[in-house]
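Open the structure in your viewer and keep the selection tool at hand. This tour moves from one selection to the next.

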Amino acid sequence: MMLAIPQCNPFLNYQAHKTDIDSALRLVLDKGNYILGENVEAFEKEFAAYVGVGHAVGVGNGTDAITIALLSTGIGKGDEVITVSHTATATVAAIELAGATAVLVDIDPATFTMDASEFKSAITSATRAVLPVHLYGRVAPVNEIVSIAREYGLVVIEDCAQAHGAAMRGKRTGSFGDIGAFSFYPTKNLGALGDAGMIVTDNAHYAERARLLRQYGWQTRYISEIPGRNSRLDEIQASIVRVKLRSLDADNKCRRTIAQTYDGVLAPLGCAPANAPAEESHVYHQYVIQVDNRDSVRDRLMKKGIATAIHYPVPVHLQPAYRRLRCAGPLKATERAAQRIISLPMFPEMRMEEALLVAESVNTVVKDRGCKAG
Ligand SMILES: *Cc1c(COP(=O)(O)O)cnc(C)c1O
């Protein structure tokens, strides 16, 4: 059966910007310079200005952005980096790719982001950095995290892969810590049509190091100043995200409107996500509800033609590759969330009647199933 409403749809976002993207692509193809060229440079400037930082460095993807951000600040082997288990595996993989050791802490069950007091209790003499994740488009408690980090002399690296444009009192994610990492994977709020990523920082030294690290440690061609890697951003992807950056705020506004529509029907049921405070601009990368019998709710929605997803079904510390990691405490909120969460359809091109259909369908199914929500 054809699904009436997908969980996300990057193709519709391409179609919405097709004329501009196609002409930008044509220019790149005809110009003949395909990697780290004028579009990458222009996009770095535009994105740094958007985030509100002095420097941006384009890289190959979001995972590399985190790894290179860590390495730029001098973090590596033997250093502990505190992050959450309730995140994309990429967050933890990136820490290990930098040679550092991830230590996992629990989330605040209301916001799905790092519990700042759990972070504080997890600090040891080996801790060098904290890596909060702005999951689902919500701003993690960065002000608390930054002030604890300052007290202990720790570096703050923000994982902004799900929070392009999210802000607290007008200050955007990526500008709170020492350095931030973005992914432009096609399904993100700002998505390329392939892989792409970005490092943002106000620290000129970190930016310079990131520039060297992304291309073999080269300052001058063929001469490596430090051991580096290849994680370059290409002109085609940069030209695409440049076009889409112009509509990011409008796209995020559409996501908020869909979220409000969902809230209107689902908040009375008790399964809607907690509201963000007025000073926070939530960008709803995902709209995540919680119910008791999650699998049967998803099946029933699927039968009604509504696709859903789970971000993420198994917390990182319970995955075979990462069971060896140290957790600070039992991660109860993380494990409970992983069993109860459902990501509803969320993409800026969704029509109002589709959003209402999703909300009404969830309402019916959750009531039928007698799910205990909240
Ligand atoms: C998508 C994502 C990443 C990784 O980005 P890639 O571009 O896929 O490497 C890292 N962290 C989070 C929270 C993400 O959602």
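The stops below cover the domains, the contact between them and then the sheets. Keep in mind that this is a predicted model.

**Stop 1: the two domains**

Select residues 10-105 together with 112-245 and give them one colour. That is domain 1 in the domain assignment. Now select 248-369 and pick another colour for domain 2. The C-alpha centres of the two domains are 24 Å apart.

**Stop 2: where the domains touch**

Look at the boundary between your two colours. Here 42 residues of domain 1 contact 38 residues of domain 2. Together the two domains bury about 3300 Å², and 53% of that area is on carbon and sulfur atoms. Which three residues supply more of the area that domain 1 buries against domain 2 than any other three? Select Y136, R138 and N189: they supply 21% of it.

**Stop 3: polar links across the boundary**

Five salt bridges are counted between domain 1 and domain 2. Show the side chains of R169 and E279. These two form a salt bridge, with their closest N and O atoms 3.6 Å apart. Between the domains there are also 27 residue pairs in polar contact, both residues being at pLDDT 80 or more.

Stay on the domain 1 side that touches domain 2. Which elements give it two or more residues? Select the helices α1 (10-16), α5 (89-97), α6 (116-122) and α9 (235-245), then add the strands β3 (101-105) and β6 (167-168). By residue type, this side of domain 1 divides into 21 nonpolar, 13 polar and eight charged residues.

**Stop 4: the eight-stranded sheet**

Switch to a cartoon view. Find the open sheet of eight strands and follow the order β1-β9-β8-β5-β4-β2-β3-β14. Its pairing is mixed. At the edges are β1 (55-59) and β14 (326-327), each paired on one side only.

Zoom in on β8 (residues 179-183) and β9 (residues 197-201). They pair in the antiparallel sense over five bridges. Click F182, then find its bridge partner in β9, M198.

**Stop 5: the three-stranded sheet**

Next comes another open sheet, with three strands in the order β7-β6-β12 and antiparallel pairing. The edge strands to select are β7 (171-172) and β12 (280-281). Each of these pairs on one side only.

Between β6 and β7 there are two bridges, in the antiparallel sense. Finish by selecting A167: its bridge partner in β7 is R172.

How values were computed: Residues are numbered from 1 along each chain as its sequence is written. This is a predicted model: local features need pLDDT of at least 70, side-chain atom pairs count only at pLDDT 80 or more; totals for chains, interfaces and linings use all residues. Side-chain values use heavy atoms; hydrogens and water are left out. Domain bounds come from an automatic or database domain assignment. Contact means heavy atoms within 4.5 Å. Buried area is the accessible area (1.4 Å probe) that two parts lose on being put together, summed over both. A salt bridge is a side-chain nitrogen of Lys or Arg within 4 Å of a carboxyl oxygen of Asp or Glu. A polar contact is a pair of N or O atoms within 3.5 Å; within protein, one must be able to donate a hydrogen and the other to accept it, and residues adjacent in sequence count only if both atoms are side-chain atoms. Helices (H or I, at least four residues) and strands (E, at least two) are DSSP runs, numbered from the N terminus. Ala, Val, Leu, Ile, Met, Phe, Trp, Tyr, Cys and Pro count as nonpolar, Asp, Glu, Lys and Arg as charged, and the others, Gly among them, as polar. Two strands pair if DSSP finds at least two bridges between them.
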